[in-house]
Amino acid sequence: TFGGYFMAHFSRKCYSTVKTKLQDDAGYDALILSAMDTTFMGSYAIGNIISGKLGDTFNPTTILAIGLFGSGACLFFVNVAIWFDFHSFDAALGNFFILAVYFIFGFFQSTGGPVGTAVMGNWFCDEESVRRRGLIFGLWTCHQYCGDVTAGLCTYVVLKIGLPYWWALLIPSITNILWGVLTVQLIPDPAEVGIITPEVRIRLEKLAAKRAELKEGEELVDEGPKAISYANALRIPMVAQYALAFGFFKLTNYCLFFWLPYFLEKRNFDDKTANLIAVIYSVGMMPGGIIVGVVSDWFGGRRACVIGTFMTCLFVFLGVFALYSEVLNTVVLLAMLFMMGILVGGPNNIITSAVAAD
């Protein structure tokens, strides 16, 4: 699951690292590039709700694999649009095609978060794992930032050795499909291999009680935990509140996620240097998740107070960055990006993993 979400972010981030190339070489203007982000996030948001339900209803690892296969295919079609220069042939066709591909891409990308977290929750549900859940999931959620960093470094290497920029899109396309083949073979539930966790034991006891009530000749098959409705999910304490807070973090994160390399290039950094500097933000997000996870474990799993503290500090850094980013010297800019990575990545990581598992 770590590798699967790593690949999802590798494929998600790679496009933002070549935005200026798509604008200058492929002919897509900044408005279309922005529309691609909006289209992707719209379908991604809807897809998260659908994917979570699909993961509850069908084999979770199959859903994860479908997401990886689809992500790889979508990036391949973006390459097709570049190779055959759809935009020069017909600008309206080129714009429609790439927006349609990114709309579908959002749905495939949405499988990783809710389904991957559910699989992790199946395996790490014993008493010791629950006590250390913040640390475990804080480490696990480094997957997305490892993928982001790899995308930036991959683009840097591609441009450095003189390959066409579209290799930065083709490489994650291929690796996503290959990892999807591995993901199909993963085991989503420990009960399938005879490992009896506390949650599985409770489920088996309920199953045994139901079987005792069956009439002769009737059978009852263990189909795993029963999926709950959307309404019941929202009734779980703090789900709606955390979802709202998570939305604000996503607003901040994806603004920088999609546009930071572009902004840096417009600030007169060359394309290779811009991608390396943008990596610092993703690097900062890794310790952020671990720090919030460990500290919230110290507080007995009370994660809201730690998240609130990080949000308050982030407000200050965002204000300074918004007002002075164009005049900051490079060293201060790097330090700002690293700290913002910690402050965004910490709560972002822990809400999407340990809080969800709680």
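**Close-ups of a predicted model**

**View 1. Helix H7 gives the largest share of the lining of the second largest cavity, namely three residues.** Keep in mind that what you're looking at here, and in every other view, is a predicted model. This cavity has a volume of about 40 Å³. Its lining is made up of Tyr5, Gly112, Gly113, Thr117, Trp140, Thr141, His143, Gln144 and Thr352. H7 and H10 each chip in with at least two lining residues. Sort the lining by class and you get seven polar residues, two nonpolar ones and no charged ones.

**View 2. Here's the largest cavity, with a volume of about 90 Å³.** It has 13 lining residues, and the ones closest to its centre are Gly4, Ala8, Leu64, Thr111 and Gly112. Four helices, H1, H4, H6 and H7 (112-123), each supply at least two residues of the lining. Which helix gives the largest share of this lining? That's H4, with four residues. By class, eight of the lining residues are polar, five are nonpolar and none is charged. If you want the full tally, the model has four cavities of 30 Å³ or more.

**View 3. Now for the largest nonpolar core, a set of 39 residues.** Look for Tyr15, Leu22, Tyr28 and Leu169, which have the most contacts inside this core. Plenty of helices join in: H1, H3 (30-57), H4 (60-83), H6 (91-109), H10 (142-160), H11 (167-183) and H14 (239-266) each supply at least two of its residues. H4 gives the most, with seven residues. There's also a second, separate core of 38 residues, and Phe269, Leu343, Ile350 and Ile351 are among them.

**View 4. Zoom in on Tyr28 and its contacts.** Skip its neighbours within four places in sequence, and Tyr28 is in contact with Leu22, Gln23, Leu33, Ala81, His87, Gly94, Asn95 and Ile98. You've met one of these partners already: Leu22, like Tyr28 itself, is listed with the residues that have the most contacts inside the largest nonpolar core.

**View 5. Thr17 sits in the loop between helix H1 (2-14) and helix H2 (19-24).** Is this loop residue buried or exposed? Thr17 counts as buried because its relative accessible area is 2%, and the cut-off for buried is under 20%. So who's around it? Leaving out neighbours within four places in sequence, Thr17 is in contact with Ala151, Gly152, Thr155, Pro261, Glu265 and Asn275.

Technical notes:
Residues are numbered from 1 along each chain as its sequence is written. This is a predicted model: local features need pLDDT of at least 70, side-chain atom pairs count only at pLDDT 80 or more; totals for chains, interfaces and linings use all residues. Side-chain values use heavy atoms; hydrogens and water are left out. Buried means under 20% relative accessible area, exposed over 50%, partly exposed in between (1.4 Å probe, protein chains only). Contact means heavy atoms within 4.5 Å. A nonpolar core is a set of buried Ala, Val, Leu, Ile, Met, Phe, Trp, Tyr and Cys residues joined through side-chain atoms within 4.5 Å. On a 1 Å grid over the protein atoms alone, a cavity is a set of points where a 1.4 Å probe fits but cannot get out, and a pocket is an open set with protein on both sides within 12 Å along at least five of seven lines; lining residues have an atom within 4 Å of a point. Grid points are joined across faces, edges and corners, and a volume is the space filled by probe spheres set on the points. Ala, Val, Leu, Ile, Met, Phe, Trp, Tyr, Cys and Pro count as nonpolar, Asp, Glu, Lys and Arg as charged, and the others, Gly among them, as polar.
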